[in-house]
Amino acid sequence: MITEYREYFYTIIQIAKKTPLKINRLNFIRSAATLATLSMTEIGAFAQQKSIETKDIISPTNDTYWRELRQLFPLSKDLTYLNNGTFGPSPYPVIDAMREAMMDQDREGNYGGYDSTPGKIAKFVGADESEITLTHNVTEGVNIACWGVPLKKGDEVIISTHEHVGNMLPWMTRMKVHGIVLKKFKPGNTADETLDNIKKQITSKTRVIATPHIPCTQGQVFPVKEICQMAREKGIYSLIDGAHGPGMLVLDLHDLGCDTYASCTHKWMLGPKGTGFLYVRKDFRDTVQTYYGGAGTADEHWDLITDPITIGNYAPTGHRYYGGTQANGLYKGVNAAIDFIESIGIENVHNRISYLGKYMQDKLLDFGKDKIEVITPTEDRSRCAVNGFKVKFMEHSKLYEKAGENKIRIRIVPECGLNSLRVSTHIYNSTADVDKFIDLIKKLV
Ligand SMILES: Cc1ncc(COP(=O)(O)O)c(C=O)c1O
């Protein structure tokens, strides 16, 4: 079956090779025809013709399919990239969409053109178009939500001990400026334990739970649905740092029940760097004050000519939080990133990266606690594509260095004094990438 699929894949690539390209013949892979190789319809037709199951071709364990897929990324062949948690390399169709849109804009003098992006993101994450604000990164979305919610001196905000600076400094700054109080919870070894640890921090003064969905440190998937439900029952706002949610998990923000969700499209969605979004639940919009005014942020009832000046309403959508000229090319890239993931199927992506995450975790656990301490929970619902670990047999920075020398890119985790390492895998990775990293550790132990 695997050999047959290879044959099919190469046939499509041959077709793509012959397709006249606008950009560069060598980059044949960039053509839309190649993208079609990923589409479930194509694969379905092929599977039917060969009397095999579609799910077998695109199954999480079929390394062949995913290895072929890597050809759609410009990632250097000799690079083992295990750092998707920092940013996700884009595939060619995303880079091309960006380039084409930028060329088009500069050639034709067209303005705008990114109006379709909030709707596309909304559909991808289970929200309404009016609930999506375009941002440049997670940090921007966290800041909009953090500064927008009404808080006074002494009000308490619960964050985790595993924060990225992007969900820490906004709250610490508000602490400095407005005298709010920050309370901290530790991630537990299980979802229930984490929920319990948060519960213990709640007092009559708690106004906000501002937790990551998945912290940057060790990739633990927090039980956000339960956290938000608990918050809602107690009249507490739930403002989620969702840096690692979309593209890794199958998301339905309405079902998750959070008040806001700040995320980006440059990590697990494999989109252009410097693009993100903030979800603000529609019934929560009027609770989050905008401090940003400009083109697009207000309705038409604002008038400087009248006397007195007419003050109207804010835009009745997430557009009230951003205004002015946007990077059309980048947002065309975001649209293409969503198309790319959807052509594979977000469930298929999620299943594959969960599989690789567990594959990595099992291999790290095999070293034993005296050599490697895995700090990501082993509970199924609490882990996915990211693993954090502490090195017991040498300085963690030394292992990081050695990985770099071997063209394996991982991340050091200085956050919260953890001094650990983090490895994260996406669809362009294979088990061979994991094995290469594990073999390096074996040589050093
Ligand atoms: C959990 C978490 N929150 C926030 C951020 C900040 O993201 P950005 O650089 O898009 O603002 C990151 C980045 O790695 C992160 O991992």
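**A walk through the predicted chain**

Pro 308 sits in the loop that links strand S8 (276-280) to H13. Here helices (H or I, at least four residues) and strands (E, at least two) are DSSP runs, numbered from the N terminus. The peptide bond leading from Asp 307 into Pro 308 is cis, with omega near 0 degrees. A second backbone detail is found at Lys 407, which has a positive phi of about 60 degrees although it is not a glycine. Lys 407 belongs to the loop between H15 and strand S11 (408-409). For background, most residues other than glycine have a negative phi, and most peptide bonds are trans.

The structure is a predicted model, in which local features need pLDDT of at least 70 and side-chain atom pairs count only at pLDDT 80 or more, while totals for chains, interfaces and linings use all residues. Residues are numbered from 1 along each chain as its sequence is written.

Taken as a whole, the chain contains 16 helices and 13 strands. Its C-alpha atoms fill a box of roughly 70 × 60 × 40 Å, taken along the principal axes. A compact globule of 445 residues would have a radius of gyration near 22 Å, and the 23 Å of the chain agrees with this. The radius of gyration is taken over C-alpha atoms, and the globule rule is 2.2 Å times the number of residues to the power 0.38.

Following on from Pro 308, the axes of helix H13 (residues 328-344) and helix H14 (residues 346-365) come within 5 Å and cross at roughly 80 degrees. Axes are lines fitted to C-alpha atoms, for helices over the stretch in contact, and angles run from 0 to 180 degrees between N-to-C directions. H13 and H14 are therefore roughly perpendicular to each other; angles under 35 degrees count as roughly parallel, over 145 as roughly antiparallel, 65 to 115 as roughly perpendicular and the rest as oblique. At their contact, Ile 341, Glu 342 and Ile 344 of H13 meet Ile 346, Asn 348 and Val 349 of H14 (contact means C-beta atoms, placed from the backbone, within 7 Å). These residues divide into four nonpolar, one polar and one charged. In this scheme Ala, Val, Leu, Ile, Met, Phe, Trp, Tyr, Cys and Pro count as nonpolar, Asp, Glu, Lys and Arg as charged, and the others, Gly among them, as polar.

An open sheet of four strands follows the order S9-S10-S13-S12, with antiparallel pairing; two strands pair if DSSP finds at least two bridges between them. Strand S9 (372-374) and strand S12 (411-413) stand at the edges with a single partner strand each, so one side of each is left without a neighbour in the sheet. From one strand to the next, the twist averages 35 degrees. S12 is joined to strand S13 (residues 420-424) by three bridges, and Arg 411 stands opposite Arg 422 in S13. H14 packs on this sheet, touching S9, strand S10 (386-391) and S13, and its direction makes about 15 degrees with that of S10. Helix H15 (residues 396-405) also packs on the sheet, where it touches S10, S12 and S13; the direction of H15 makes about 35 degrees with that of S13.

Parallel pairing appears elsewhere: strand S3 (residues 156-160) and strand S5 (residues 206-209) pair in the parallel sense over three bridges, with Glu 156 opposite Thr 206 in S5.

Notes
Two residues are in contact if their C-beta atoms, placed from the backbone, lie within 7 Å.
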